[in-house]
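Biologist: I would like a close look at a single part of this model. Please keep the account plain and connected.

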Amino acid sequence: MAELSGCVGPCPGLVLLQYFPFTGNAARVGKSTGLHCWCGEPEKCARRAPADSARTESAGRGLKLSAALFRAVVGGPSVEAMDWKIELVPVPVSNVDASKAFYVDQIGFNADFDERIDENLRFVQLTPPGSACSVVIGPGTTDMAPGTQRIQVVVPNAADARQHLVDHGVAASEITPLDWGTFVYFSDPDGNQWSLQQLPEIPPTLPSESGAGNG
């Protein structure tokens, strides 16, 4: 996804390039911040350690593939088990400024970056609070038609999330309880759909339960 030219050891302010596989465009999106510092020697990278704690903590709550499952899915024992983290998801919109205002002012996303690269490419990166993954809007970032994206995110409390949306003028669905979580749905002005999931609580297994039937 990115290249950091001449990066050896600490990465003090090296240029970060973002590549868009959907369109073949590449954009200069800023300096290395530690969140995207891929110098090839991360253990030596002084900028990586102080990465944003909220994003790091959020990422750590995700499920990880076991090494065996990873090899089975990716193909063969020659592939090293490593983390594959979703970093950026394109959201196709028709009006960039209106969509940015919607996501930042109403939903509460952080506006990470906004730059017009050229007449065909504007890169606007937005990040949900606490998320390790961002979204990007703007011409040249995707060939998808506006309103065709579907994204699901996890929230601590579906009722609180719904109340936040309603308080900020966003039309939200009623709360939908399912066996695999509690959901709330909303759409952006173009019709891109978002599902907010509150994960179900899984009670801990008691020692007496785990050993039941073994005596």
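What covers the buried residues of α4?

Modeller: The model is predicted, and what follows should be read with that in mind. The cover over the buried residues of α4 includes α3, β9 and β10. The residues of α4 that are buried are Ala158, Ala161, Arg162 and Leu165. Those residues lie on the same side of α4, because the arc they cover around the axis is only 100°. In general, an α-helix has 3.6 residues a turn, so residues three or four places apart point the same way. The face of α4 turned away from that buried side carries Asp160 and Asp167, which are exposed.

The two ends of α4 can be described briefly. At the N-terminal end, Asn157 acts as the cap, with a side-chain oxygen 3.0 Å from the backbone nitrogen of Ala159. After α4 comes Gly169, with a positive phi near 75°.

Two residues of α4 show its surroundings in detail. Leaving aside neighbours within four places in sequence, Leu165 is in contact with Ile107, Val170, Ala172, Val184, Phe186 and Leu196. His164, also in helix α4, counts as partly exposed because its relative accessibility is 30%. With neighbours within four places in sequence again left aside, His164 is in contact with Gln106, Ile107 and Gly108. His164 and Ile107 are 57 residues apart in sequence, yet their C-alpha atoms are 7.9 Å apart in space. Ile107 is thus among the contacts of Leu165 and also among those of His164.

Ile107 leads to α3, one of the elements covering α4. Helix α3 has twelve residues, and the distance from its first C-alpha to its last is 15 Å, close to the 16 Å expected at 1.5 Å a residue. Its buried residues are Val96, Ser99, Phe102, Tyr103 and Ile107. They sit on the same side of α3, because they cover an arc of only 130° around the axis. The packing partners of these buried residues are β5, β6, α4, β9 and β10. Asn95 caps the N-terminal end of α3, where a side-chain oxygen is 3.3 Å from the backbone nitrogen of Asp97. Just after α3, Gly108 has a positive phi of about 105°; Gly108 is also one of the contacts of His164.

Both helices contribute to the largest nonpolar core, which has 22 residues. Val91, Tyr103, Ile107, Leu165, Phe186 and Trp194 have the most contacts inside this core. Two or more residues come from each of α3 (96–107), β5 (121–127), β6 (134–137), α4 (158–167), β9 (181–187) and β10 (193–198). The element that gives the most is α3, with four residues. As a general point, nonpolar side chains in soluble globular proteins tend to be buried together.

Aromatic residues also belong to this picture. Phe102, Tyr103, Phe109, Phe186 and Trp194 form one aromatic cluster. Across the whole structure, a search finds seven aromatic pairs. In one of them, Phe102 and Tyr103, the ring centres are 5.2 Å apart and the planes are at 80°, so the pair is edge-to-face. Both Phe102 and Tyr103 are buried. Phe113 and Phe123 form another edge-to-face pair, at 5.8 Å centre to centre and 65° between the planes. This pair links distant parts of the chain, with Phe113 in strand β4 (residues 110–118) and Phe123 in strand β5, ten residues apart. Phe113 counts as buried because its relative accessible area is 19%, and Phe123 is buried at 0% relative accessibility.

Strand β5, against which α3 packs, also holds Gln125. Gln125 counts as buried because its relative accessibility is 12%. Apart from neighbours within four places in sequence, Gln125 is in contact with Leu88, Asn110, Ala111, Asp112, Phe113, Ser134 and Val135.

For the wider setting, the chain has five helices and ten strands. Of its 215 residues, 33% count as buried. Among contacts in the chain with a separation of 6 or more, 51% are between residues 24 or more positions apart.

Key
Residues numbered from 1 in each chain as written. Predicted model: local features only at pLDDT ≥ 70, side-chain atom pairs only at ≥ 80, totals over all residues. Heavy atoms only, no water. Core = buried A, V, L, I, M, F, W, Y, C linked by side-chain atoms within 4.5 Å. Buried < 20%, exposed > 50% of the residue type's maximum accessible area, 1.4 Å probe, protein only. Contact = heavy atoms within 4.5 Å. Expected span 1.5 Å × (residues − 1). Arc of directions from axis to C-beta. Polar contact = N/O pair within 3.5 Å; in protein donor to acceptor, adjacent residues only side chain to side chain. Phe/Tyr/Trp six-rings, centres within 6.5 Å; stacked < 30°, edge-to-face > 60°.
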